[in-house]
Amino acid sequence: MCRTKGYHRSIRGETIIINGVRLMSEDRQQSLIELMSETNFTPFQRDNSKPIPEEIDTEKKLARLKEDALSCTRCALRKGCRQVVFGEGNPNAHLMMVGEGPGSDEDRLGMPFVGRAGQLLDRILEAAQIKRQEIYITNVVKCRPTGNRLPLQPEVDSCLCFLQEQIKIINPEIVICLGALATRTLIDKDASITRSRGNWYKFGTRLYMATFHPAALLRDPGKKKYVWEDFKQIVKVCNSDDNGGQGQ
Ligand code: URA
């Protein structure tokens, strides 16, 4: 997807940068694979008595994954929340946004990013002329941690199969990590959000970018200018010819 205008390549440490896009070196990719195996990551186990026929479309696959998530008891979060907030949006989205986990409004309404942080995200999307219904929005964990605490690593590990499967089914070209948790879960376990935001990371054919979580902007409005810089880049890549112009 990402168009290459004048090929520019440089190597910094273990990251190769081509036209501003960071590509993971093989060593880095290998270390991420090792990380997955170290963190008790269990690939999503589907009931083999109900195989998904090849021809079934994305929407149906996503609906079946949602059913699985709704009945999940892999961690204790489900007991403490009202409902599972699976995610919502266009099952064929080119652009996906991943937050941390549902807050109290999301837990009550069953939809991601509908509280104060969600309303700010809506304003950012509107300013960037990205239609919310054209993208897909979800969270690292699908159940609200009690008292809005950060999800614990074992909870993230238990839920990761759903997020990974969502990414696989929707197959977006671009994934935006909103905040540190999504960034550490999807880009680099040691990432600092301040240092990694605004950079493109490429895994396979997919581009990832981290930016500050809207809740961080509510706490510190001074961060808004950085998020706006990031969204300008996102819109530029979304609107490149190869991506079908999504984001307009
Ligand atoms: N914060 C998140 O990370 N996700 C939501 O859905 C709402 C607030």
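A residue counts as buried if 20 or more other C-beta atoms lie within 10 Å of its own, as exposed if 12 or fewer do, and as partly exposed in between, with C-beta atoms placed from the backbone. The model is predicted: local features need pLDDT of at least 70, side-chain atom pairs count only at pLDDT 80 or more, and totals for chains, interfaces and linings use all residues. Residues are numbered from 1 along each chain as its sequence is written.

Start with helix 10, residues 224-238 (helices, H or I of at least four residues, and strands, E of at least two, are DSSP runs numbered from the N terminus). Its 15 residues reach 21 Å from first C-alpha to last. That is close to the expected 21 Å, taken as 1.5 Å times one less than the number of residues.

Which residues of helix 10 are buried? They are Val227, Asp230, Phe231, Ile234, Val237 and Cys238. Seen down the axis, these buried residues fall within an arc of 120° (the arc of directions from the helix axis to the C-beta atoms), so they line one face. An α-helix has 3.6 residues a turn, so residues three or four places apart point the same way. The face turned away from the buried side carries exposed Lys225, Lys232 and Lys236.

The cover over the buried residues of helix 10 includes strand 5 (95-99), helix 5 (116-127), strand 7 (174-178), strand 9 (206-211) and helix 9 (214-219), where contact means C-beta atoms, placed from the backbone, within 7 Å.

Now the ligand. It is surrounded by 13 residues, each with its C-beta atom, placed from the backbone, within 6 Å. The closest are Gly99, Glu100, Glu106, Pro112 and Phe113.

Note on methods. Two residues are in contact if their C-beta atoms, placed from the backbone, lie within 7 Å.
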